Amino acid sequence: MTVRIDETDRKILAQLQRDASQSLDDIAREVGSSKTPVWNRIRKLREAGVIGQQTVVLDSEALGFEACFFVLIRTSEHEAAWQAAFLQALKDRPEVQEAHRLAGDIDYILKVRVKNARAYDVFYQALISEVKVHNVTALLSMEEIKSTTMLPL
């Protein structure tokens with residue numbers, strides 16, 4: 001389904017990105033509309049797939065997940081069976097917050113959130129016991145400078 005997004009839709013989406021828990025009344029006030037048209041637009045955007053899953057952002061450090069590693073993976077395996085096993089291994093591990101297949105010298109990059117370096121090693125050992133990889137480089141994030149899921153509407 002193709003959907004046309006106008007300026008009011010962009011304002012609604014910006015408000016939802018900022019705080020999806022705000023009331024329809026608050027969103028309508030911010031975008032200069034009333035509640036029913038805002039609800040109809042949100043419903044239309046959901047049905048079109050523009051708005052996906054709604055969730056809550058948790059504070060990882062407050063929950064004890066103090067280490068964030070970016071894991072660079074190079075592999076010499078590119079067969080469909082290996083890729084399926086690798087993707088399943090990533091999906092099975094809640095520590096993996098993001099996974100991207102890349103162009104260039106590195107095949108994959110993972111964002112892995114764990115409690116500490118020991119927990120990362122447990123993750124790493126489990127991963128390499130399931131799938132063959134050529135080279136793994138783990139980079140520890142010393143400081144998170146910016147993190148957002150917001151798109152620049």
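## The sheet

In this predicted model, four strands form an open sheet in the order E2-E3-E1-E4, paired antiparallel. E2 and strand E4 (135–140) sit at the edges, each pairing on one side only. Neighbouring strands of the sheet are turned by 20 degrees against each other on average, direction ignored.

E1 and E3 run antiparallel and are joined by seven bridges. One residue pair can be named here: Ala 67 has Val 114 in E3 as its bridge partner.

## Helices on the sheet

Helix H4 (residues 80–91) lies across E1, E2 and E3. Its direction runs at about 20 degrees to E3. Helix H5 (residues 117–130) also packs on the sheet, where it touches E1, E2, E3 and E4. The direction of H5 makes about 135 degrees with that of E3.

## The annotated N-terminal span

An unreviewed UniProt entry lists residues 5–66 as "domain: HTH asnC-type". In the model, residues 5–66 are 53% helix and 0% strand. The end C-alpha atoms of this span lie 39 Å apart.

## The largest pocket

The largest pocket has a volume of about 1,500 Å³. Its lining counts 42 residues. Thr 55, Val 56, Val 57, Thr 148 and Thr 149 lie nearest the centre. By class, the lining has 18 nonpolar, 12 polar and 12 charged residues.

Which elements each supply at least two residues of this lining? They are helix H1 (7–18) and strands E1 (67–74), E2 (96–101) and E3 (108–114). H1 gives the most, with four residues.

Conventions
Residues are numbered from 1 along each chain as its sequence is written. This is a predicted model: local features need pLDDT of at least 70, side-chain atom pairs count only at pLDDT 80 or more; totals for chains, interfaces and linings use all residues. Side-chain values use heavy atoms; hydrogens and water are left out. On a 1 Å grid over the protein atoms alone, a cavity is a set of points where a 1.4 Å probe fits but cannot get out, and a pocket is an open set with protein on both sides within 12 Å along at least five of seven lines; lining residues have an atom within 4 Å of a point. Grid points are joined across faces, edges and corners, and a volume is the space filled by probe spheres set on the points. Ala, Val, Leu, Ile, Met, Phe, Trp, Tyr, Cys and Pro count as nonpolar, Asp, Glu, Lys and Arg as charged, and the others, Gly among them, as polar. UniProt positions are given in the numbering used here, feature names are shortened, and annotations may be inferred rather than shown by experiment. Two strands pair if DSSP finds at least two bridges between them. Axes are lines fitted to C-alpha atoms, for helices over the stretch in contact, and angles run from 0 to 180 degrees between N-to-C directions. Contact means heavy atoms within 4.5 Å.
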